[in-house]
Amino acid sequence: MGSEDKKAGFRPRAVRPDVAGGAGESGRHRYLDGQLLIAMPVMGDPRFERSVIYLCAHSAEGAMGIIVNRPAGSIDFPGLLVQLEIIKETDQIKLPETAETLKVLKGGPVETGRGFVLHSSDFFIQDATLRIDHDICLTATVDILKAIAKGSGPKHAILALGYAGWAAGQLESEIQDNGWLHCDADPDLIFGNDVEEKYTRALRKIGIDPGMLSNEAGHA
């Protein structure tokens with residue numbers, strides 16, 4: 001990664017179609033594309049403790065997802081726009097509300113210097129946006145940040161730095177070992193502002209009382 005990428009914290013590259021796995025291909029097993037993974041206590045990996053992950057791609061070759069409930073600390077979206085020289089520092093007060101309030105999250109431990117925008121399907125850039133399901137898309141180019149700054153971006157979005165990745169068969173093995181539960185995606189939960197409450201909300205969505213969890217929890 002070059003010095004410009006380090007400064008920006010956002011690498012302007014589109015998601016590779018081969019990584020996406022072609023969720024919509026007829027005759028292909030759906031796997032868990034577009035579902036939520038919910039970490040269980042038995043997971044044992046501190047990088048994913050109490051994580052809720054939106055699976056952007058899952059195929060026989062592996063899986064890729066974005067953690068949607070881990071704040072990126074002191075990084076905020078208006079400040080990131082300034083670092084990328086998309087806007088001037090004095091223009092931060094002119095940003096639309098969607099840009100001012102957009103959450104910046106730690107998307108996972110892989111390629112933490114690269115940015116991914118999960119967003120509602122009302123925004124699409126040809127050859128750059130990956131449509132994951134009817135409601136949610138993924139875009140990893142700077143163009144979407146410029147659109148959000150101008151007020152012409154998606155209605156709902158989160159920016160994640162990095163992603164979670166699994167090799168072929170790895171995610172299936174972790175699920176078999178009770179490391180993850182999974183359920184249908186909930187755009188309300190993915191894009192909600194209550195980041196710290198998403199883990200509890202996700203568990204309750206599938207009928208689990210967080211206080212009753214143990215290392216012997218079964219599958220969803």
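Modeller: Helices (H or I, at least four residues) and strands (E, at least two) are DSSP runs, numbered from the N terminus. This is a predicted model, where local features need pLDDT of at least 70, side-chain atom pairs count only at pLDDT 80 or more, and totals for chains, interfaces and linings use all residues. Residues are numbered from 1 along each chain as its sequence is written, and side-chain values use heavy atoms, with hydrogens and water left out.

Biologist: How many helices and strands does the chain have?

Modeller: Apply the DSSP rule to the chain. The count of strands is nine, and the count of helices is eight.

Biologist: What percentage of the residues of the chain count as buried?

Modeller: Buried means under 20% relative accessible area, exposed over 50%, partly exposed in between (1.4 Å probe, protein chains only). The chain has 220 residues, and the buried share of them is 48%.

Biologist: What percentage of contacts between residues at least 6 apart in sequence join residues at least 24 apart?

Modeller: Contact means heavy atoms within 4.5 Å. Take the contacts in the chain between residues at least 6 apart in sequence. The share that joins residues at least 24 apart is 69%.

Biologist: Where is F48 found?

Modeller: Two strands frame this residue. One is strand 2 (52–59), the other strand 1 (35–39). F48 sits in the loop between strand 1 and strand 2.

Biologist: Is F48 buried or exposed?

Modeller: The relative accessible area of F48 is 8%. The cut-off for buried is under 20%. F48 therefore counts as buried.

Biologist: Which residues does F48 touch, not counting residues up to four places away in sequence?

Modeller: I38 is 10 residues from F48 in sequence, and their C-alpha atoms are 9.3 Å apart. The residues that F48 touches, with the four places on each side left out, are A39, M43, I53, I67, R70, P109, A164 and W180.

Biologist: How many aromatic pairs are there in the count?

Modeller: A pair of aromatic rings is described by the distance of the centres and the angle of the planes. Rings of Phe, Tyr and Trp (its six-membered ring) pair if their centres lie within 6.5 Å; planes under 30 degrees apart count as stacked, over 60 as edge-to-face and the rest as tilted. By this rule the number of aromatic pairs is four.

Biologist: The rings of F48 and W166 form one pair. What is the angle of their planes?

Modeller: The ring centres of F48 and W166 are 6.4 Å apart. The pair counts as stacked because the planes of F48 and W166 meet at 25°.

Biologist: How many residues apart are F48 and W166?

Modeller: This pair links distant parts of the chain. F48 is in the loop between strand 1 and strand 2, while W166 is in strand 8. Both residues are buried. The separation of F48 and W166 in sequence is 118 residues.

Biologist: What type of aromatic pair do W166 and W180 form?

Modeller: W166 and W180 lie 6.2 Å apart, centre to centre. Their planes are at 80°. The pair is edge-to-face.

Biologist: Which parts does that pair of W166 and W180 tie together?

Modeller: W166 and W180 are 14 residues apart in sequence. Because W166 lies in one strand and W180 in another (residues 180–184), the pair ties together strand 8 and strand 9.

Biologist: What is the relative accessibility of W180?

Modeller: W166 counts as buried, at 7% relative accessibility. W180 also counts as buried. Its relative accessibility is 1%.

Biologist: Which residues do ring pairs link into a cluster?

Modeller: F48 pairs with W166. W166 pairs with W180. The cluster therefore holds F48, W166 and W180.

Biologist: Which residues of helix 8 are buried?

Modeller: Helix 8 covers residues 198–205. What covers its buried residues includes strand 1, strand 2, strand 9 and helix 7. Those buried residues are K198, Y199, T200, A202 and L203.

Biologist: Which residue with a positive phi follows helix 5?

Modeller: Helix 5 (residues 142–150) has V142, I144, L145, A147, I148 and A149 buried. Their cover includes helix 3 (77–83), helix 4, strand 5 (110–120), strand 7 (136–139) and strand 8. Helix 8 is followed by G207, with a positive phi near 80°. After helix 5, with phi near 85°, comes G151.

Biologist: Where is D127 found?

Modeller: Most residues other than glycine have a negative phi, and most peptide bonds are trans. D127 has a positive phi, near 65°. D127 counts as exposed, at 71% relative accessibility. D127 is in the loop between strand 5 and strand 6 (129–131).

Biologist: What is the phi of N178?

Modeller: N178 lies in the loop between helix 6 (170–176) and strand 9. N178 is not a glycine, yet its phi is positive, about 65°.
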